[in-house]
Amino acid sequence: MEDARPAVVIRIGSHSEKEYIEKVGSRFDGLMIAANLVEVTPGASASLLVKIAGENKKTPYYFDPMTYAFGSYVDPATGQLRTDLDWIKSEQKVKGGKKGQVARLFKSSYAKLAAALGPPFSTAVDEGSAVTPADFNTKAKLKSVAEAVVRYQRERIKDVFRTDDDYKDYANEVPEPAVVFAPYFYIEPSDAGGWIDANLRLARAAVDLGDASELHMILSAPRVLLTDQRTTKHLEFELAKTGVKGVWLWFSRLDEQSASYEELKCLRDLVTNLSEAGLKVYNLHGGYFSLALSKFGMTGIAHGIGYGEQKDVVPIVGQSTPTVRYYVPPLHGRFGVPNIVLCFNTLGITTPAAFWDHICNCAICKGIVGKGLDRFSNFGEMHYSTPISKRMAQTPAAAKLCRFHFLLSRLRERDSVENMDADAIKEQLRMARTEWNRTVLRNDLPHIDLWRRALS
């Protein structure tokens, strides 16, 4: 366990990220794509996966079936339980309606996914009402859903090629996903027991299919469940009994950089206990702390390109796109460029070489800062995106620089963690805290102290 290199899987959020995937995707340990993205852009998704994962089959890919999207959820704006599936709808023009008439309808990606998976997902869309644990109250229903979700993951990309006359002969050469996920749903707090039971039974049903693929499950739960010792102990015992080979943890809204010591310690203990039970353990939305937990049994992490190290199960509608801040490798966190610049004098950074020694010497940073220390501001460049914009926003070029820098930094973190034990990781964190504690960022670094405690 001490010498294992943790895996880092990159999640593809949209095809606008194609450039990042094509340039550095093969250096990661896998690519993950969501089923709803495939449904809205099947051709582009299939060609991208085959280009990266199909080339000598060096880079595995993972297919998130997104079944949780059809379950009940808590509205983040009101805190109320909802079963209307409104969060996967959007305002759309009504076909055949009056000019300008709009209605709130299911997004085509989810409607197509539901149709591909069949009942109870298609039923939920047809009736506009969420799937419930009662939809899995017989062995026949469990088997039917498990078969549909497993078959979808194994065959969907191949089917895209099969329906194309020019490429149908290559369908059988399309690689299958590295693992197959059982159907999964968010453990909604008002019926946590029912949803836990449903998830466990769906996992067992998928295992019982006897499919040759390695089967994993995704544990999607509210953040508060992590510190519920009674529930986590129950899960630790029951997950191992399902027969799955791996579990991907997703505690909604859990951000490692703002998490409490209790949450971090409970995550460490859960990872340790699950791994000791023989399961591969991943954090579906994790960062550096989860990489460090490879010393306690974490197999790997997944996240997006410059984001996604924490994720709400249900996003807040209308939230603006956040600025892609610069990732400071010694601090394993993102900070605003102006605040980082204010640290230069305190840290003795007066030349590009000093910047590379104290902060980062990746290829991106060398290419930018090497032209002059003042060029570091390129990572935070702002502009008015339109002539009528009232607020400045990050330029696309600055966002791109920050994302590429983050990806290269994450690769370095993955490789360095492999060659350190827990004590060495804690010491490196201590040294960074001591050095940066002299800067204006000192009040933004409590996560380092908490990480060190939780790794003890």
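Here is a short tour of this structure, from the whole chain down to one pair of residues. Keep in mind that the model is predicted.

**Whole chain.** Start with everything selected and only the C-alpha trace shown. Along its principal axes the trace spans about 65 × 55 × 50 Å. A compact globule of 456 residues would have a radius of gyration near 23 Å, and the protein has 23 Å, so the two agree. Switch to a cartoon and you will find 17 helices and 16 strands.

**Surface and interior.** Now turn on the surface. The accessible area is about 20600 Å², and 50% of that belongs to carbon and sulfur atoms. Underneath, buried residues account for 52% of the 456 in the protein. If you draw contacts between residues at least 6 apart in sequence, 68% of them join residues at least 24 apart.

**Charges.** Next, colour by charge: there are 58 positive and 54 negative charges, and their mean positions lie 4 Å apart.

**The open sheet.** Hide the helices and look for a sheet of 8 strands. Reading across, the order is 3-2-1-12-11-10-9-8, with parallel pairing, and the sheet is open. Select 61-64 for strand 3 and 180-181 for strand 8: these are the edge strands, each paired on one side only.

**Inside the sheet.** Which strand does strand 11 pair with over 3 bridges? Select residues 280-283 for strand 11 and 298-303 for strand 12, and you have that parallel pair. Finish by zooming in on valine 281, whose bridge partner in strand 12 is methionine 298. In general, strands of a sheet pair through backbone hydrogen bonds.

Definitions and conventions: Residues numbered from 1 in each chain as written. Predicted model: local features only at pLDDT ≥ 70, side-chain atom pairs only at ≥ 80, totals over all residues. Heavy atoms only, no water. Helix = DSSP H or I, 4+ residues; strand = E, 2+ residues; numbered from the N terminus. Rg over C-alpha atoms; globule rule 2.2 N^0.38 Å. Buried < 20%, exposed > 50% of the residue type's maximum accessible area, 1.4 Å probe, protein only. Contact = heavy atoms within 4.5 Å. Areas by Shrake-Rupley, 256 points an atom, 1.4 Å probe, with all protein chains shown as cover. Lys, Arg positive; Asp, Glu negative; His and termini not counted. Charge placed at Lys NZ, Arg CZ, Asp CG, Glu CD. Pairing = 2+ DSSP bridges.
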